[in-house]
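Please look over this structure with me. My notes on how two of its domains meet come after it.

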Amino acid sequence: MAADSHRTAIDTIEQIVQDENIDCDFTRLDGYLFLHADGTHKELVEERDAAHRAGLTDVELLPHSGTTGFDTGECLRWPNQGQFHILKYLAGLTEAIVLQGGRICTHTHVSEVHGGASARVVTEDGAEAKARRAIVVATNTPFNDRVVMHTKQHPYRTYVVGARVPKGSVTKALYWDMADPYHYVRLQEVATGPRGGQTGYDLLIVGGEDHKTGQADDPAARLRCLEEWTRDRFPMVKDFEYRWSGQVMEPTDGLGYAGRNPLDADNVFIITGDSGHGMTHGTLGPLIVSDLINERDNPWAKLYDPGRITLKRESAQEYIKENVNVAMEYTDLLTGGDVSSVDDIPNGSGAVMRRGITKVAVYKDEQGTTHECSAICPHLHCVVHWNGLEKSWDCPCHGSRFTALGELLNGPANTGLAPA
Ligand code: FES
């Protein structure tokens, strides 16, 4: 069912692109799963057999991918995958929604969600929007669910680098390996150079080096590893033009969540736990949730039910491991700070300092002025950590993030860091 649902999601995206005439470089292409340095032939055989059991009988084991510019070695070929330019797609989708009478309110912070007979959301400035049927919270991680969902999924930070390569020098395909954390590779054609009028090129995008959010602050080392990994495999790469990181929510049993919010009214729905499948889940979740709202049967509703309890041994172990990891983060409330004096914080950087019985998040801006706010996350009170690459405060427990000045970037917290 998982395989079937993802295949349907890709078909649905393709259909929407055609129906709405969205110019977003949608392409059908092959995916190649290849071994990491210590990987074995047996792992690929097991993976292929699992794919076949799931009904993906066209997945095949190959001695090498036969692609240009990158020799994967022994690999699995997954035919008929999809790739598109996400922002172009979203721009087209937005236009279609508005044309069909939908209304999109940006820069509108919802602070309360109320389900039931008079379902409504209340914004930060007190305005209310009433829902006749249902409310769907699809905010990467749900801010309306305080505890339950945050024991079932966990935030990870992933790093990405981008390098220019000559057009056509690497076959456009999806590539990813079996390392843990795994590496992923994509290619995006760029029609012209940055100032226009130059010859086009391809952008090689490589990601990996994931770690739990807020539990490492060595971004330079991680980006360096990613660049080395890329240079070893793609000798045509000269310089890296882009470096960034993002956050994904990893469900403990490996599948996302789309359906009723547990312990909430029947007409409040969530879509979350997307792992690295944000685009397919972002399509699949609404297919499930719209059927539930309209009281239609949906073949995948039970599989993706946010209230599910997965008793499989590996999932239960993962659940325990991740939640023990969260519990350990609370010991941070008792330890000293990262530094004992603001003098030890370089300009443009931040550090957590102990202040009596609590901790403060101190950011020193480029001019050397310090800005302080509480280091205690307003969600469930873990201590935030400085993220030197994104210049943000990240919560290691459930992934809330705040700007250097303490403003809310993403939930599950629903307010910024309190004043120091
Ligand atoms: S995100 Fe839950 S305590 Fe910070």
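The points below go through the domains and then one interface.

1. The model is predicted. Keep that in mind for every value here.

2. Start with the domains. The assignment splits the protein chain into three parts. Domain 1 covers 27-83 + 153-251. Domain 2 covers 88-152 + 253-310. Domain 3 runs over 332-410. Note that domain 1 and domain 2 are each written as two segments.

3. Now take domain 1 and domain 3. Their C-alpha centres are 33 Å apart. The two domains are in contact, with 13 residues from domain 1 and 14 residues from domain 3 taking part.

4. How much area do domain 1 and domain 3 bury between them? The value is about 960 Å². Carbon and sulfur atoms account for 50% of it. On the domain 1 side, look at R157, G214 and D217. They supply 38% of the area that domain 1 buries against domain 3, more than any other three residues.

5. Check the charged pair next. The interface of domain 1 and domain 3 has one salt bridge. R157 also forms a salt bridge with D394. Their closest N and O atoms are 3.8 Å apart. Two residue pairs are in polar contact across the interface of domain 1 and domain 3.

6. Which elements give two or more residues to the side of domain 1 that touches domain 3? They are β8 (153-165), α4 (219-233) and β12 (240-251). The largest share, four residues, comes from β12. By type, the residues on this side are six nonpolar, five polar and two charged.

Key:
Residues are numbered from 1 along each chain as its sequence is written. This is a predicted model: local features need pLDDT of at least 70, side-chain atom pairs count only at pLDDT 80 or more; totals for chains, interfaces and linings use all residues. Side-chain values use heavy atoms; hydrogens and water are left out. Domain bounds come from an automatic or database domain assignment. Contact means heavy atoms within 4.5 Å. Buried area is the accessible area (1.4 Å probe) that two parts lose on being put together, summed over both. A salt bridge is a side-chain nitrogen of Lys or Arg within 4 Å of a carboxyl oxygen of Asp or Glu. A polar contact is a pair of N or O atoms within 3.5 Å; within protein, one must be able to donate a hydrogen and the other to accept it, and residues adjacent in sequence count only if both atoms are side-chain atoms. Ala, Val, Leu, Ile, Met, Phe, Trp, Tyr, Cys and Pro count as nonpolar, Asp, Glu, Lys and Arg as charged, and the others, Gly among them, as polar.
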